[in-house]
Amino acid sequence: MQNRIFQLRKAKGYSQEKLAQLAGVTRQTINAIENAKYSPSLELAFTLANLLNVKVDELFMKDGD
C-alpha cells in the first residue's frame, strides 16, 4: 500500500520524530509506514490523517492507483 505521508509531513515542516511524537508512536514506526514496510492500525491511520489535515483515503492508496 502506497502513502503520501512523506510529502504531507514535509509540507507541514514535520520531521519523522515530530510526527511520531504527535502520533504517539516511534520515529521508526513513521519511517516504516512511509517506506511501505508497515501498515498502520486504523486508529493510527486516522491519527496521522488528522495530524496531516487530510482524509484517510487521501493519505493511503492501493498499489497501482
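This passage describes two asparagines, the main nonpolar core and one helix pair in a predicted model.

The two asparagines, N3 and N53, are found in unlike surroundings, and each is taken in turn. N3 belongs to strand 1, which covers residues 2-3. The relative accessible area of N3 is 14%. Because the limit for a buried residue is under 20%, N3 counts as buried. The side chain of N3 has polar atoms placed close to two backbone atoms: the backbone nitrogen of I5 is 3.0 Å from one such atom, and the backbone oxygen of I33 is 2.7 Å from a polar atom of this side chain. When neighbours within four places in sequence are left aside, N3 is in contact with I33, E34, L59, F60 and M61.

N53 is located in the loop that runs between helix 4 (42-51) and helix 5 (56-59). Its relative accessible area is 58%. Since a residue is called exposed when this value is over 50%, N53 is exposed. N53 and L42 are 11 residues apart along the chain, and a distance of 16 Å separates their C-alpha atoms.

The next feature is the core. In soluble globular proteins, nonpolar side chains tend to be buried together. In this model, the largest nonpolar core consists of 17 residues. Within this core, the residues with the most contacts are I5, L19, L48, L52 and L59. At least two core residues come from each of helix 1 (5-12), helix 2 (16-23), helix 3 (27-34) and helix 4. Helix 4 gives the most, with 5 residues.

L59, one of the residues with the most contacts inside the core, also appears among the contacts of N3. Apart from neighbours within four places in sequence, L59 is in contact with Q2, N3, R4, I5, L8, A45, L48, A49, L52 and V54. Among these partners, I5, L48 and L52 are likewise listed with the most contacts inside the core.

The last feature is the packing of helix 2 against helix 4. The axes of these two helices come within 10 Å and cross at roughly 120°. This angle makes helix 2 oblique to helix 4. The crossing of helix 2 past helix 4 is right-handed. Where the two helices meet, helix 2 contributes L19, L22 and A23, while helix 4 contributes L44, T47, L48 and L51. Of these residues, L19 and L48 are also named among those with the most contacts inside the largest nonpolar core.

How values were computed
Residues numbered from 1 in each chain as written. Predicted model: local features only at pLDDT ≥ 70, side-chain atom pairs only at ≥ 80, totals over all residues. Heavy atoms only, no water. Helix = DSSP H or I, 4+ residues; strand = E, 2+ residues; numbered from the N terminus. Buried < 20%, exposed > 50% of the residue type's maximum accessible area, 1.4 Å probe, protein only. Polar contact = N/O pair within 3.5 Å; in protein donor to acceptor, adjacent residues only side chain to side chain. Contact = heavy atoms within 4.5 Å. Core = buried A, V, L, I, M, F, W, Y, C linked by side-chain atoms within 4.5 Å. Axes fitted to C-alpha atoms, helices over the stretch in contact; angles between N-to-C directions. Parallel < 35°, antiparallel > 145°, perpendicular 65-115°, else oblique. Left-handed = near helix turned anticlockwise from the far one by under 90°.
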